[in-house]
Amino acid sequence: KPEKALRLGIRARWLSVKKDEAGEVWIAEHEKAMDEWRLAEKLKAMRACDSGAWLDCSKLEGVTEHQRERAAIATSASVGILNGGPGVGKSFTLASILKLAKKKFGTQIAVCSPTGKAASRLTQAMLACNVDDVECSTIHRLLKPSRVGHDKSGWGFVHCEENLLPHDLICVEESSMLSTNLGASLFSALKPTCRVILVGDARQIA
């Protein structure tokens with residue numbers, strides 16, 4: 001009895017149902033739907049504070065003209081994307097952006113990724129560009145876990161809606177590996193005026 005099962009799932013908060021403007025009904029796992037809602041609400045708040053382009057990419061050093069154009073797009077709004085396949089120089093371009101951004105934001109810059117391997121790789125790319133004083137870490141380390149999910153309530157973090165991160169610029173490497181849950185946790189902990197660059201390959205794993 002699918003309809004009865006659906007009503008039970010909604011009542012138990014296992015499922016969420018939404019009807020869109022075209023009248024289509026969408027069903028999702030409740031927690032994932034709430035993560036998407038949290039993420040969308042924070043992006044709306046950040047867009048309301050968006051002041052447009054925040055970096056003069058004509059001053060980037062050591063990049064190709066194509067990389068300069070991609071960097072200009074990624075820094076043209078409060079949330080930008082630096083997308084491309086393997087070997088096109090995304091990490092190098094990001095390191096060049098960070099080298100220039102340091103003059104504007106000082107120490108209020110953080111670079112993070114879903115995995116420690118990606119954070120380590122980006123650290124090496126930044127050192128190659130003489131950017132040696134910007135912290136690279138996993139997203140979990142940046143947010144500081146306060147609960148690890150053994151109580152079946154999921155991860156909890158010190159930095160959250162009630163205790164925002166102090167950074168003015170956050171760069172997320174390997175963002176195609178970012179789950180909606182972790183993405184919602186990260187964005188919820190950002191100031192509305194924070195700038196974000198998401199670096200990754202849209203054709204990699206979701």
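This report walks through the sheet, a buried helix and the nonpolar cores of a predicted model.

## The sheet

Five strands line up as β3-β9-β8-β4-β5 in an open sheet with parallel pairing. The edges go to β3 (79–83) and β5 (135–138); each has a single partner strand, so one side of each has no neighbour in the sheet. On average, neighbouring strands here are turned by 20° against each other, direction ignored.

Looking further in, β8 (residues 169–172) and β9 (residues 195–200) pair in the parallel sense over four bridges. Cys171 has Ile197 in β9 as its bridge partner. Helix α3 (residues 65–74) packs on the sheet, where it touches β3 and β9, and its direction makes about 155° with that of β3.

## The main core

The largest nonpolar core counts 28 residues, and Trp54, Leu94, Leu98, Val111, Met126, Leu169 and Ile197 have the most contacts inside it. Elements giving two or more residues to this core are α3, α4 (90–105), β4 (109–113), α5 (116–128), β8 and β9. Helix α4 gives the most, with seven residues.

What does Val111 touch, leaving aside its neighbours within four places in sequence? Its contacts are Leu98, Leu122, Met126, Val134, Glu135, Cys136, Ser137 and Cys171.

## A second core and a buried helix

Apart from that core lies another, of 21 residues, including Leu178, Leu186, Phe187 and Leu198.

Then there's helix α7 (residues 180–188): seven of its nine residues are buried, so the rest of the structure largely encloses it. The buried ones are Leu182, Gly183, Ala184, Ser185, Leu186, Phe187 and Ser188.

How values were computed: Residues are numbered from 1 along each chain as its sequence is written. This is a predicted model: local features need pLDDT of at least 70, side-chain atom pairs count only at pLDDT 80 or more; totals for chains, interfaces and linings use all residues. Side-chain values use heavy atoms; hydrogens and water are left out. Two strands pair if DSSP finds at least two bridges between them. Axes are lines fitted to C-alpha atoms, for helices over the stretch in contact, and angles run from 0 to 180 degrees between N-to-C directions. Contact means heavy atoms within 4.5 Å. Buried means under 20% relative accessible area, exposed over 50%, partly exposed in between (1.4 Å probe, protein chains only). A nonpolar core is a set of buried Ala, Val, Leu, Ile, Met, Phe, Trp, Tyr and Cys residues joined through side-chain atoms within 4.5 Å.
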